[in-house]
Amino acid sequence: MNAPAVEARDVYRFYHAGDDETLALRGVSLAVAPGEMVAVMGPSGSGKSTLLLCLAGLEEPDGGFVAVGGVRMTRRPEWRRAALRARAIGVLLQAGNLVEHLSVADNVRLQLHLAQRTTADIGAMLDAVGLRDRARSRADQLSGGEASRAALAVALAAEPVVLLADEPTGDVDAATEMMILDLLRRRVAGGTAAVIATHSEAVARCADRVVTLRDGRVTGD
Ligand code: ADP
């Protein structure tokens with residue numbers, strides 16, 4: 001069998017604040033194949049964002065490991081994790097995805113540069129998220145919904161092996177949600193894997209599989 005696009009094997013993540021310990025992830029395993037879209041659902045605080053951060057190598061698991069395209073991400077030096085992330089992962093967090101003082105097009109260019117991609121049709125990428133006419137706008141002048149779409153264009157720009165998205169449709173209307181889901185489905189049909197943390201039933205219906213977290217554990221899929 002081919003390596004999963006992304007895999008979490010028995011991942012634990014604990015947070016400490018003073019004497020308090022939060023068991024954010026307690027042995028989560030998940031394997032997502034190329035061309036598969038998985039929705040991660042569950043109540044607030046169940047560990048969805050922490051799981052995505054661990055999959056992206058932005059948080060280091062306290063136990064278990066993450067691999068991307070068969071390459072281990074966990075317990076590697078930061079520069080290796082950053083290189084793997086730039087090359088293979090598109091990350092869309094709930095905030096802080098864009099460099100605020102750069103234009104939308106330059107945000108996409110920066111991502112392509114980090115991934116060492118030389119050719120790309122930035123106009124077509126912005127078309128796909130309905131933002132061609134905002135290409136020269138500074139990121140800090142976008143509405144919430146426009147910023148979500150720009151962040152998606154950035155995350156998908158370098159044609160990553162896997163897209164990790166935290167509530168990508170949390171800030172958009174129903175019509176825009178359908179546009180985003182249509183784009184995601186097309187990318188997934190082309191072989192990209194997608195892991196989407198969401199509360200949206202529309203996203204869940206669009207996914208190939210739903211994984212539900214509760215108190216840091218997978219309860220069903
Ligand atoms: P979800 O995305 O499902 O809402 P999170 O992964 O954000 O869940 O949070 C899981 C648990 O970890 C929650 O109890 C949350 O309060 C805690 N948590 C998340 N991030 C941190 C952090 N940086 N420091 C301390 N606790 C955190």
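Biologist: Which residues touch the most other members of the largest nonpolar core?

Modeller: In this predicted model, the largest nonpolar core has 40 residues, and M37, V108, L126, L152, L163, L184 and I196 touch the most other members. Two or more residues come from each of β3 (37-41), α3, α4 (122-128), α5 (144-157), β7 (162-166), α6 (174-189), β8 and α7. The largest share belongs to α5, which gives 8 residues.

Biologist: What does V108 touch, leaving out residues up to four places away in sequence?

Modeller: V108 touches I122, M125, L126, A153, V154 and A157. Apart from the largest core lies another core, of 28 residues, which includes V28, C54, A56 and V66.

Biologist: I should like to turn to the ligand. Which residues surround the ligand?

Modeller: The surrounding residues are Y15, T22, A24, P43, S44, G45, S46, G47, K48, S49 and T50. By class, this shell holds 3 nonpolar, 7 polar and 1 charged residue. Both β2 (20-32) and α1 (48-55) supply at least two residues of the shell, and α1 gives the most, with 3 residues.

Biologist: How far are oxygen atoms of the ligand from polar atoms of S46, K48 and T50?

Modeller: One must read the backbone and the side chains separately. For S46, a polar backbone atom is 3.1 Å from an oxygen atom of the ligand. For K48, an N or O atom of the side chain is 2.8 Å from a ligand oxygen atom. For T50, an N or O atom of the side chain is 2.6 Å from an oxygen atom of the ligand. Taken alone, the ligand exposes 560 Å², and the protein buries 59% of that.

Biologist: Next, consider T198. Is T198 buried or exposed?

Modeller: A residue counts as buried when its relative accessible area is under 20%. T198 is therefore buried, because its relative accessibility is 0%. T198 lies in the loop between β8 (193-197) and α7 (201-206). Its side chain reaches the backbone nitrogen of S200 at 2.9 Å. Leaving aside neighbours within four places in sequence, T198 is in contact with A39, V40, M41, E167 and V203.

Biologist: Where is E100 placed, and why does E100 count as partly exposed?

Modeller: Partly exposed is the class between buried, under 20%, and exposed, over 50%. E100 is partly exposed because its relative accessible area is 46%. Its place is in the loop between β6 (89-92) and α3 (104-114). Beyond residues up to four places away in sequence, E100 touches R138, A139 and D140. Separation along the chain and separation in space are two distinct readings. E100 and I196 are 96 residues apart in sequence and 24 Å apart in space, C-alpha to C-alpha.

Biologist: Finally, how should one read the backbone angle phi? Which values do R75 and Q116 have?

Modeller: Most residues other than glycine have a negative phi. R75, which is not a glycine, has a positive phi of about 60°. R75 is placed in the loop between β5 (71-72) and α2 (78-88). Phi of Q116, also a residue other than glycine, is positive and near 60°. Q116 is found in the loop between α3 and α4.

Biologist: Is Q116 buried or exposed?

Modeller: Q116 is exposed because its relative accessible area is 71%, and the exposed class begins over 50%.

Conventions
Residues numbered from 1 in each chain as written. Predicted model: local features only at pLDDT ≥ 70, side-chain atom pairs only at ≥ 80, totals over all residues. Heavy atoms only, no water. Helix = DSSP H or I, 4+ residues; strand = E, 2+ residues; numbered from the N terminus. Buried < 20%, exposed > 50% of the residue type's maximum accessible area, 1.4 Å probe, protein only. Contact = heavy atoms within 4.5 Å. Near = heavy atom within 4 Å. Polar contact = N/O pair within 3.5 Å; in protein donor to acceptor, adjacent residues only side chain to side chain. Areas by Shrake-Rupley, 256 points an atom, 1.4 Å probe, with all protein chains shown as cover. Nonpolar A, V, L, I, M, F, W, Y, C, P; charged D, E, K, R; others polar. Core = buried A, V, L, I, M, F, W, Y, C linked by side-chain atoms within 4.5 Å.
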